[in-house]
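Please open the structure in the viewer and keep the selection tool at hand. The stops below are to be taken in order.

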Amino acid sequence: MHKPIARRSALLATGALFTLVAAGGANAADTLEKITVAGWSKPITEITHLLVEPDKGIFKANGIDLAYVSGAGGGDAIRNILTGQADVAFTDPGAFFSALDKGEKLRAIYDIYPQNVFNVVSLKSANITSPADLKGKKIGVYSLSSGTRQNLLVLLHQAGLSESDVTIVVTGLLNFAPLLQGQVDATAATDTGLLVGKRKGLGDVNVMEVRNYLNVSSDLFVVREQVYQQKKPLLKRFLKAYRESAAWMIANPDEAAGLAVKHAIDGTDRPTNLEVIRLRNAASVSATTGKNGLGAFDLESLQKAADAYRKLGLIGHDIKVSDVVSTELLPAR
């Protein structure tokens with residue numbers, strides 16, 4: 001039997017994998033196929049549509065026994081699929097490009113957030129208003145394997161700077177406390193992280209949004225090529241279920257905010273949950289998804305991002321995006 005969702009925190013503390021859907025008896029278990037998603041984070045409000053599976057049963061209805069393993073950045077998510085701990089990585093393009101650059105055989109199969117949600121935040125008193133002002137500063141990131149670091153490097157490059165021109169400090173997700181305490185001069189974050197920080201008293205800040213320099217997708221679903229080739233029917237059902245879960249959260253943000261109180265480790269405040277969910281819903285849609293449905297790729301934009309990472313020196317080889325992205329498993333519009 002699967003462990004109850006109420007024990008999630010204890011499982012996370014030991015680094016264990018927890019199951020998000022409980023099969024209703026032996027017969028149900030026999031008909032479900034397990035899919036484990038390797039996340040970049042712990043089970044937080046942003047992914048409420050995954051966490052509410054015990055209540056909504058969207059994946060179960062598609063024959064999926066859904067499980068989730070936590071991470072601390074997109075690089076962790078990639079490592080967890082490479083080591084067989086998970087089937088699908090919930091990861092950022094930078095981590096995806098980096099793994100491809102190292103020779104890993106991977107395939108992106110769904111564009112989770114087609115909008116760039118990353119930023120760099122500083123207190124007004126620091127007078128950091130442009131990428132050039134970051135030179136010589138201490139800057140917080142969630143982790144060295146996270147999209148916050150990758151997008152910080154993109155921002156630095158706009159001023160002709162590199163990682164060696166700043167001091168990067170790993171702060172974890174609660175990175176606004178170090179900013180307020182003066183441990184860092186600025187911190188790289190996401191739109192939802194900034195939202196939570198402001199609700200907790202961050203005050204007036206300067207915000208540089210990376211989308212103004214490179215508006216590339218924030219997260220993708222990525223699988224190993226071997227898994228892609230061997231499990232296409234299962235992955236197709238998974239993407240159908242995920243799209244349905246994302247559509248549910250877009251259509252029902254208030255319900256999702258209430259359920260986040262029950263399931264998300266950071267979901268104690270319902271009004272904050274609702275704002276976080278609305279931001280993630282907005283990041284899930286674009287002109288491309290409006291035409292082709294949730295999860296659709298803008299290959300031109302993703303290619304520009306790969307080219308930019310090559311130019312930045314973040315990867316050492318050219319990447320032809322059309323060779324490492326698949327659209328054939330996406331549900332019909």
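How many residues does helix H16 have, and how far does the helix reach from its first C-alpha to its last? Select residues 299-312 to find out: helix H16 has 14 residues and reaches 20 Å, close to the 20 Å expected at 1.5 Å a residue. Please note that this is a predicted model.

**The two sides of helix H16**

Within this selection, colour Ser-301, Leu-302, Ala-305, Ala-306, Ala-308, Tyr-309 and Leu-312, which are the buried residues of H16. Turn the view to look down the axis of H16: these buried residues fall within an arc of 160°, so they line one face of the helix. In general, an α-helix has 3.6 residues a turn, so residues three or four places apart point the same way. Next, select Glu-300, Lys-304 and Lys-311, which are exposed on the other side of H16.

To see what covers the buried residues of H16, display helix H7 (93-101), helix H8 (147-157) and helix H17 (321-324), which are among the covering elements. Then step just past the end of H16 to Gly-313, which takes a positive phi of about 85°.

**The second largest pocket**

Keep H7 and H8 displayed and add helix H6 (74-82); these are the elements that give two or more residues to the lining of the second largest pocket. H6 provides the largest share of that lining, with 4 residues. The volume of this pocket is about 310 Å³. Of its 15 lining residues, Gly-75, Arg-79, Ala-95, Ser-98 and Lys-102 lie nearest the centre. The lining comprises 7 nonpolar, 4 polar and 4 charged residues.

**The largest pocket**

Now select Leu-173, Leu-174, Val-196, Lys-200 and Asp-266, which lie nearest the centre of the largest pocket among its 28 lining residues. This pocket has a volume of about 620 Å³. Which helix gives the most to its lining? Display helix H9 (176-180), helix H10 (191-199) and helix H14 (270-283), each of which supplies at least two lining residues. H10 gives the most, with 5 residues. By type, the lining divides into 12 nonpolar, 10 polar and 6 charged residues.

**The largest cavity**

The last stop is one of the 3 cavities of 30 Å³ or more found in the whole structure. Select Trp-40, Phe-118, Gly-147, Thr-190 and Asp-219, the residues nearest the centre of the largest cavity, which is lined by 14 residues. About 100 Å³ of space lies in this cavity. Its lining consists of 5 nonpolar, 5 polar and 4 charged residues.

Definitions and conventions. Residues are numbered from 1 along each chain as its sequence is written. This is a predicted model: local features need pLDDT of at least 70, side-chain atom pairs count only at pLDDT 80 or more; totals for chains, interfaces and linings use all residues. Side-chain values use heavy atoms; hydrogens and water are left out. On a 1 Å grid over the protein atoms alone, a cavity is a set of points where a 1.4 Å probe fits but cannot get out, and a pocket is an open set with protein on both sides within 12 Å along at least five of seven lines; lining residues have an atom within 4 Å of a point. Grid points are joined across faces, edges and corners, and a volume is the space filled by probe spheres set on the points. Ala, Val, Leu, Ile, Met, Phe, Trp, Tyr, Cys and Pro count as nonpolar, Asp, Glu, Lys and Arg as charged, and the others, Gly among them, as polar. The expected span of a helix is 1.5 Å times one less than its number of residues. Buried means under 20% relative accessible area, exposed over 50%, partly exposed in between (1.4 Å probe, protein chains only). The arc is that of the directions from the helix axis to the C-beta atoms. Contact means heavy atoms within 4.5 Å.
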